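Please look through the structure shown here with the report that follows it, which moves from one charged pair to the chain as a whole and then to its surface and its backbone.

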Amino acid sequence: MNPFVTQDFIIKKIKSYDKKHLLTNLFYTLKQFDLREENNHPLWHYFLLIKLTVLHGNENGRKHFSKEKFITLLKYIEKYEKKALDPYVKNHEWDKFFQIIGYQQFYLQQEVHWSDFARQLKLFGSSLKSKYDIEKSFLEKSNLKLFDFIFFMNIVWIFTQANRMNKGVVYTGYIGEEIFEMMRDIFNYENEFNNFLLLLTLNKSNIKKSINNFKTGIKHHVLQPFEMSFFTQLPFINNTGDRYEIVHRSIFNYCCNYYIYDYLKSNDSNFTEEFGKRFEKYVELGLKECKTEYITEKDLIKTYGKGEKVVDYIVDNQVLVECKGIEPKPLSSVIPENEIVYNAFKDSIFKAYVKQMLNIPKLNKTLNKPLYGIIVCYKDFYLSSLDDYSDILKDDVNSVLEKNNWNFNPLPLENVFVISIVNWDIIVEYLKEKKITLPNLLKDIVQSNKKEKHKWLLGLLKQYGNAKANLSYLEKENKTLSDAIKAPSECKK
């Protein structure tokens, strides 16, 4: 096998085969993995091969394509991927190594719960509305009502779980005729559902444009094995006219959680500012839910003045909480070099810690010790704590210590965690049920990380039991969705 595999080399091999035949084999193999629920295959290799075949495939290549040649082509992708990772392995830079493959793979392990649909209805609907109407924007740009979109996602997701429900329905990998009949004859949603499929389906007329316009893609060829797939925007394919195929359930699960956010962020310049305001309101709903004591940003500004940088909330006089409705950046995730990472987060996560959180103990000398910090983001970050960025933040932290004449850091990096909105809801439920206090929960996590760093916070949270999303601030949205499924004649009113 060629030891110097490049993208050009792989494209040359792809061009030697018939494009349609190769794509058929790739999609068929993905489908078999999905139907058999085999989770030990590198799906990202198939997604990259599909992308390269779509963009560079040959309509007149050889149709003969043996199993051995198919496996060899996949091995070329593996070797191509390995070449980019080798420098981190040779230098034993394991944090950076795992950062890269975490970004590459963990979005394909996304779980879905009923609360994920309710949460989106809460965040993007009218409940937390500020000045800007996200629902109106989504309708104008997608030709779909926000509720209808979430409802359709919920219905299709239920069908993808058919094998696990043991009720005689089998998941086939396709959006079956029973769903079309249901939308047409029961819900009277035929046109709306067709619009939904049109929005989420990859077809011959839009395939190259969709790939090239994918805004979270990576332009550097050598790094493309680690990018998120463009299928996260187009999880269905239509190769036969009227048959819609789900590319893979792992991709669809991701869409169930994040499609609306990704779509609006890409298509609406006003979305980000409005979402940030709603995000803060949502986090405060959690604080109210668990009846914990907290001080708001407004309270802090009244006390210390508008010129001071403060956090969104101080909880139990010990935990500093800042809301940043952001996500991991593609480039800094696949090239986790200090300068690139610093530039990616200097105005968000790093600013929250250096400028805002470290300013609080300077202003307030009566805080309980030890101090902890939580930066709540929309999506997961593959971090154990901000201590993973200690080298990057060293100079900034030392500057703050020197400026304040501090002999030690009152809020160590190892005490600050970047968590997703899903994990925030889980934590709120534990606090509400009095399983633990927030300071003690963070204390436990700090101690666990000293023994062995945990990059996936959800694994640590499960030690307190399985969360059931027992949250009153999602009850209305969940009931609205549940009632729509149970009473189809009422769902369009």
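## A buried charged pair

In this predicted model, K31 has a relative accessible area of 4%, and it is therefore classed as buried, since that word applies to values under 20%. K31 is the partner of E245 in a salt bridge, in which the closest N and O atoms are 3.7 Å apart. E245 also counts as buried, because its relative accessibility is 11% and the limit for that class is 20%. The two residues come from distant parts of the chain, with E245 in strand 3 (residues 245-246) and K31 in helix 2 (residues 19-35), and 214 residues separate them.

## Other salt bridges

Side chains of opposite charge can pair when their charged atoms come close. How many salt bridges does a search of the whole structure find? The search finds 25, and one of them joins K462 to E111, with 3.9 Å between the closest N and O atoms. This pair, too, links distant parts of the chain, since K462 is in the loop between helix 23 and helix 24, while E111 is in the loop between helix 5 (94-105) and helix 6 (114-124), 351 residues apart. K462 is partly exposed, with a relative accessible area of 42%, and E111 is also partly exposed, at 48% relative accessibility.

A further salt bridge is formed by K129 and D133, whose closest N and O atoms are 3.5 Å apart. K129 counts as partly exposed at 38% relative accessibility, and D133 is partly exposed as well, with a relative accessible area of 25%. Elsewhere, D262, K265, E327 and K379 are joined into one network by salt bridges that share partners.

## The chain as a whole

The secondary structure of the protein chain comes to 24 helices and 8 strands. The chain has a radius of gyration of 24 Å, which is close to the 23 Å given by the globule rule for 493 residues, so the chain is as compact as a globular protein of that length. Along its principal axes, the C-alpha trace spans about 75 × 60 × 40 Å, and 55% of the 493 residues count as buried.

Residues that are well separated in sequence can be compared by their positions in space, and K15 and G61 give an example: they are 46 residues apart in sequence and 6.4 Å apart in space, taken from C-alpha to C-alpha. K15 lies in helix 1 (residues 7-15), and K15 is partly exposed, with a relative accessible area of 43%.

## Charged patches on the surface

Which residues form a positive surface patch? K12, K13, R62 and K69 do so. Within this group, K69 is placed in helix 4 (residues 67-90), and K69 is partly exposed, with a relative accessible area of 37%.

A negative surface patch is formed by E177, E178, E181 and D242. Among these, E181 is in helix 10, and at 36% relative accessibility E181 counts as partly exposed.

## Less usual backbone geometry

Most residues other than glycine have a negative phi, and most peptide bonds are trans. Against that background, N188 has a positive phi, near 55 degrees, although N188 is not a glycine. N188 is in the loop between helix 10 (177-186) and helix 11 (190-200). Is N188 buried or exposed? With a relative accessible area of 53%, N188 is exposed, because that class begins over 50%.

A469 is another residue other than glycine with a positive phi, and its value is near 55 degrees. A469 lies in the loop between helix 23 (457-461) and helix 24 (475-486), and A469 is buried, with a relative accessible area of 13%.

The peptide bond that joins K369 and P370 is cis, with omega at about -5 degrees. P370 is found in the loop between helix 19 (360-363) and strand 7 (372-377).

Methods:
Residues numbered from 1 in each chain as written. Predicted model: local features only at pLDDT ≥ 70, side-chain atom pairs only at ≥ 80, totals over all residues. Heavy atoms only, no water. Patch = residues over 30% accessible without salt bridge, like charges linked within 9 Å, V, L, I, M, F, W, Y side chains within 5 Å. Areas by Shrake-Rupley, 256 points an atom, 1.4 Å probe, with all protein chains shown as cover. Salt bridge = Lys/Arg side-chain N within 4 Å of Asp/Glu carboxyl O. Lys, Arg positive; Asp, Glu negative; His and termini not counted. Charge placed at Lys NZ, Arg CZ, Asp CG, Glu CD. Helix = DSSP H or I, 4+ residues; strand = E, 2+ residues; numbered from the N terminus. Buried < 20%, exposed > 50% of the residue type's maximum accessible area, 1.4 Å probe, protein only. Rg over C-alpha atoms; globule rule 2.2 N^0.38 Å.
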